[in-house]
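Biologist: Please take a close look at how the helices pack here, and walk me through it.

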Amino acid sequence: MNQHQKTVAAEEASATSFPVETLRSMFPALRQAGDFIFMDNAAGAQIPQSVLDAVTNHLVGHNVQRGGRYRHSVKVDQSVADARESVAFLINAYSPAEICFGMNATSFIRLVSLGIGQMLRDKVNGDRDEIVVTDMDHDANIATWLALEPSGAKFKWWRMREDGNLHVEDLEPLLSERTRLVACTVTAHSIGSIVDVASVARIAHSAGAEVFLDCVHYGPHGLIDVQAWDCDYLVCSGYKNFSPHMGFLWGRFDTLKRLPTFREDFIPDEPPYKVEAGTFIYENVSGMDAAVRYLESIGRNLAPANNRTRRENIVSGMGAIREYELLLAREMLRVLKGCGATVYGVSDEARIKERVPTFCFNIGKLSPQMIVEEMAERGIGIRDGHMYAPRLMKRLNLSMDSGAVRASLVHYNTLDEIRRFETALREIIARHA
């Protein structure tokens, strides 16, 4: 047995002990759906009962505005503070004060871009007017930056290679004393490729630039660590992270403090308050708090230990999820290749650790829409289209009208579901041969 085979065997042994059936029982939607298979998790994951309970408890117990002196309002203040602490543990923030809540990741990207645009106009940081964007990102992390052109921003494109990923060696020549910011994803929402963001930060900072990370798609799949990654900004959305729809922005405290933002006169000019314009959805923030605690419980239950911190339990839980999802990714890659699919992104099994189990593919000349519709008839939910990534579609020589098929798995998916997916896909291919 060679080293690669030993690695695969070790991963499988570790992953097969993952308590997927126990965890599936915690998700009401999975129970209610019966035989239906959720493989469109990149468009929104299901939520565990504990998250649903947290949202309901907020709406029933203290559905009021924060900032009051009566107990219901005080409880809202406390629930927001608890959620900040939980999310800080989730991403390894330096302080809960760096966690800002709002509607979604896109609105936070725009908020930061507007602040940086104002700094460009005001010539903050001198002549640093260049922003690096990629052709692998969701358009929310591209168009928002391109909109700064009237403010004087200039742009450099970091291109994905033919092997389906971004390489930091290609970023380095794009950086100079004019670089203001590098904006990139942690994991491509469309093709599942994982970017070496710690190396991105290292070389960007050596050039005096900041780093903005879109972590929306990576969130449910692996451990987030803003300290280890050494980034400057990071956004996530709850709807992929087993919570209701909401978003959060993390930034270094001093960086957020310097960032120009809109705020009413009575709002303190410091994070997180200066970033949180208006009232956000408190019940969904409570849901995000519960979602973090759910992930924490996975680590705590897999390896019970006394005196282990919340962060340590999160590290353990996300590590177990990652190992299990590698098993799912290997199996899904095997199925797609066996069916003759063109897999976009990382398709070499030896590089499986460079991806999450999100697969974008096409089958010959078969219509992506037809494949997805016939999968739906067989009780399997997947997606087709451009995946909100027009520049990536162009890069892959795919039409915006048809795009590709995407099947996206998370830790509550199973090997049996992948085998059902394989049977259905082979039936569809045979039917249209």
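**Helix packing**

Modeller: Happily! Helix 4 passes helix 12 in a right-handed crossing (the near helix is turned clockwise from the far one by less than a right angle); helices here are DSSP runs of H or I, at least four residues, numbered from the N terminus. This is a predicted model, where local features need pLDDT of at least 70, side-chain atom pairs count only at pLDDT 80 or more, and totals for chains, interfaces and linings use all residues. Residues are numbered from 1 along each chain as its sequence is written, and side-chain values use heavy atoms, without hydrogens and water.

The axes of helix 4 (residues 49-61) and helix 12 (residues 282-302) lie 8 Å apart, at an angle of about 150°. That makes the pair roughly antiparallel (over 145 degrees). On the helix 4 side, S50, V51, A54, V55, H58 and L59 make the contact (heavy atoms within 4.5 Å); their partners in helix 12 are Y282, E283, S286, G287, A290, A291 and Y294. By class, this contact has eight nonpolar, four polar and one charged residues.

Now for helix 13 (residues 310-338), whose axis comes within 10 Å of that of helix 16 (residues 415-431), crossing at roughly 15°. These two are therefore roughly parallel (under 35 degrees). Their crossing is right-handed as well. Among the contact residues are Y324, L327 and L328 of helix 13 and L415, I418 and R419 of helix 16. Ten nonpolar, one polar and five charged residues make up this contact. Helix 13 is mostly covered, with 21 of its 29 residues buried (under 20% relative accessible area, 1.4 Å probe, protein chains only). After helix 13 comes G340, with a positive phi near 80°.

Methods. Axes are lines fitted to C-alpha atoms, for helices over the stretch in contact, and angles run from 0 to 180 degrees between N-to-C directions. Angles under 35 degrees count as roughly parallel, over 145 as roughly antiparallel, 65 to 115 as roughly perpendicular and the rest as oblique. Ala, Val, Leu, Ile, Met, Phe, Trp, Tyr, Cys and Pro count as nonpolar, Asp, Glu, Lys and Arg as charged, and the others, Gly among them, as polar. Buried means under 20% relative accessible area, exposed over 50%, partly exposed in between (1.4 Å probe, protein chains only).
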